[in-house]
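Dear colleague,

I am passing on the structure we spoke about, with the sequence alongside it. Please look it over before reading my notes underneath.

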Amino acid sequence: DAFCHTSNASDKPIEKVTKVFEAGNEVRARVIGHRPMENMVNVTLKESVLEQQIYSYDDIVPGTTIRGTVVAVRDFGLVIEFANNVRGVCPVVHMSDLTTSQPNWGKYKVNTKVKCLVVDCQPDSQRVT
């Protein structure tokens, strides 16, 4: 069995779920949690979540190219968000294709979309480089 809270039924607010969905219809969903004691999974029907490439640290594979958003620019490098609560760090040494002592800091601002090559991912410690 699966459960979808009304807040996860659509990207847009829904007043009455029965006006949008009918019992017995098949829908695309993504598992976002589970309730082992009730033998049930929590799902979302939001298109924005269904289209996400990354949903957890387990989805990130070293060697793949993924897109993210810069959420912080620090002395040590960039903090990049790939999905809700899935973040990684791009150290200064990896911020450019060229071997330079300092990257072009003006190029990187908060909310800038970036394409990243995953060098390392440790899901247990929630670390991505």
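The notes below go through the sheet, one strand residue, two loop residues and the aromatic rings.

Please keep in mind throughout that this is a predicted model, and that residues are numbered from 1 along the chain as its sequence is written.

I begin with the sheet, which is open and consists of 4 strands in the order 6-5-4-7, paired in the antiparallel sense. Its edges are formed by strand 6, covering residues 86–91, and strand 7, covering residues 113–117, each of which pairs on one side only. From one strand to the next the twist averages 45°. Within this sheet, strand 4 (residues 65–74) and strand 5 (residues 77–83) are joined in an antiparallel pairing that extends over 5 bridges, and if you wish to find the register on screen, A72 is a convenient place to look, since V79 in strand 5 stands opposite A72.

Turning to strand 2, I looked at I32, which is found in that strand and which, at 32% relative accessibility, counts as partly exposed. Leaving aside its neighbours within four places in sequence, I32 is in contact with N8, N42, V43, T44 and Y55. The C-alpha atoms of I32 and S56 are 9.7 Å apart in space, while the two residues are 24 apart in sequence.

Two residues caught my attention for their backbone angles. N39, although it is not a glycine, has a positive phi of about 55°; N39 belongs to the loop between strand 2 (30–35) and strand 3 (40–44), and with a relative accessible area of 65% it is exposed. Q126 likewise has a positive phi of about 55° and is not a glycine. The loop that holds Q126 runs between strand 8 (121–122) and strand 9 (127–128), and Q126 counts as exposed because its relative accessibility is 51%, where the cut-off for that class is over 50%.

Finally, I turned to the aromatic rings. How many aromatic pairs does the rule on ring centres give? The count comes to 0 aromatic pairs, with the ring centres required to lie within 6.5 Å for a pair to be counted. An arginine does, however, sit over a ring: R35 lies over the face of F3, at 4.9 Å from the ring centre.

With best regards

Notes. Predicted model: local features only at pLDDT ≥ 70, side-chain atom pairs only at ≥ 80, totals over all residues. Heavy atoms only, no water. Pairing = 2+ DSSP bridges. Helix = DSSP H or I, 4+ residues; strand = E, 2+ residues; numbered from the N terminus. Axes fitted to C-alpha atoms, helices over the stretch in contact; angles between N-to-C directions. Phe/Tyr/Trp six-rings, centres within 6.5 Å; stacked < 30°, edge-to-face > 60°. Lys NZ or Arg CZ within 6 Å of the ring centre and 35° of its normal. Buried < 20%, exposed > 50% of the residue type's maximum accessible area, 1.4 Å probe, protein only. Contact = heavy atoms within 4.5 Å.
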